[in-house]
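Got the viewer open? Let's take a walk through this one, selecting a few things at a time and looking at what turns up.

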Amino acid sequence: MSHCEPHEQRMVPRTEEEIENIIKRLKRIEGQVRGVQKMVEDNRYCIDILVQISAITAALNKVGLNLLERHVSHCVSKAIREGNGETSIRELMDVIKQFSK
């Protein structure tokens, strides 16, 4: 597998259920963000806003970790089975570094 190979050829498509679950979580997070915006507009206490921001960050991290786990279980394992694991693992490590910043 070369670096120029499109990601679509390496990925294992998500099921409809997986997509629905991710979208549901992201919409919930979107609602939390709107709630924080309202808290700022209403001039709420900083600590209350910070607690909500922390909850949003944790929720986003959970979505990211779930996607990461799925990627390893499906896409990376597929690449390894097909003899293309090196590129996939390098890509995975790059995203883990980005994710952990």
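Start by selecting R25, which sits in helix α2. Keep in mind throughout that this is a predicted model. R25 comes out as partly exposed, because its relative accessible area is 29%, which falls between the 20% and 50% cut-offs. Now show its contacts: leaving out residues up to four places away in sequence, R25 touches K62, V63 and N66. For a distance to draw, try R25 to A59: the two are 34 residues apart in sequence, and their C-alpha atoms are 8.0 Å apart in space.

Stay on the helix and pick R28, which is also in α2. Is R28 buried or exposed? With 52% relative accessibility, R28 counts as exposed, since the cut-off for that class is over 50%. Draw a line from R28 to A59 as well: here the separation is 31 residues in sequence and 9.1 Å in space, C-alpha to C-alpha.

Next, select the whole of α2, residues 16-41. If you like a quick sanity check, put a distance on the end C-alpha atoms: they are 37 Å apart, and 26 residues at 1.5 Å a residue should span 38 Å, so the two agree. Colour the buried residues of this helix, I29, V36 and M39. What do they pack against? The answer is α3, so bring up residues 46-81 too.

With both helices on screen, add I49, I56 and V63 to the three residues you just coloured. I29, V36, M39, I49, I56 and V63 together form the largest nonpolar core, which has six residues in all. Both α2 and α3 contribute at least two residues each to this core. Zoom in on V36 for a closer look at its surroundings: I49, Q52, I53 and I56 are its contacts, not counting residues up to four places away in sequence.

Now slide along to the loop between α2 and α3 and select N43. This residue comes just after α2, and its backbone is worth a click: N43 has a positive phi of about 60°, although it is not a glycine. As for the surface, N43 is exposed, because its relative accessible area is 70%.

Time for a pocket. Select E18, N21, I22, R25, V63, N66, L67, E69, R70, S73 and H74, which line the second largest pocket. You'll recognise R25 from the first stop, and V63 from the core; both are in this lining. The pocket's volume is about 190 Å³. Which helix gives the most to its lining? That would be α3, with seven residues, while α2 and α3 each supply at least two. Colour the lining by class and you get three nonpolar, four polar and four charged residues.

From the pocket, jump to V12, in the loop between α1 (7-10) and α2. Its contacts, leaving aside neighbours within four places in sequence, are R70, H74, C75 and K78. Two of those names, R70 and H74, also appear in the pocket lining. V12 is partly exposed, because its relative accessible area is 22%, and that value lies between the 20% and 50% cut-offs. If you want one more distance, V12 and V63 are 51 residues apart in sequence and 18 Å apart in space, C-alpha to C-alpha.

Last stop: S88, in helix α4, residues 85-99. Is S88 buried or exposed? At 3% relative accessibility, S88 counts as buried, since buried means under 20%. Show what surrounds S88 and, leaving aside its neighbours within four places in sequence, you'll find C75, V76 and A79 in contact. C75 should look familiar, as V12 is in contact with C75 too.

Terms used
Residues are numbered from 1 along each chain as its sequence is written. This is a predicted model: local features need pLDDT of at least 70, side-chain atom pairs count only at pLDDT 80 or more; totals for chains, interfaces and linings use all residues. Side-chain values use heavy atoms; hydrogens and water are left out. On a 1 Å grid over the protein atoms alone, a cavity is a set of points where a 1.4 Å probe fits but cannot get out, and a pocket is an open set with protein on both sides within 12 Å along at least five of seven lines; lining residues have an atom within 4 Å of a point. Grid points are joined across faces, edges and corners, and a volume is the space filled by probe spheres set on the points. Helices (H or I, at least four residues) and strands (E, at least two) are DSSP runs, numbered from the N terminus. Ala, Val, Leu, Ile, Met, Phe, Trp, Tyr, Cys and Pro count as nonpolar, Asp, Glu, Lys and Arg as charged, and the others, Gly among them, as polar. The expected span of a helix is 1.5 Å times one less than its number of residues. Buried means under 20% relative accessible area, exposed over 50%, partly exposed in between (1.4 Å probe, protein chains only). Contact means heavy atoms within 4.5 Å. A nonpolar core is a set of buried Ala, Val, Leu, Ile, Met, Phe, Trp, Tyr and Cys residues joined through side-chain atoms within 4.5 Å.
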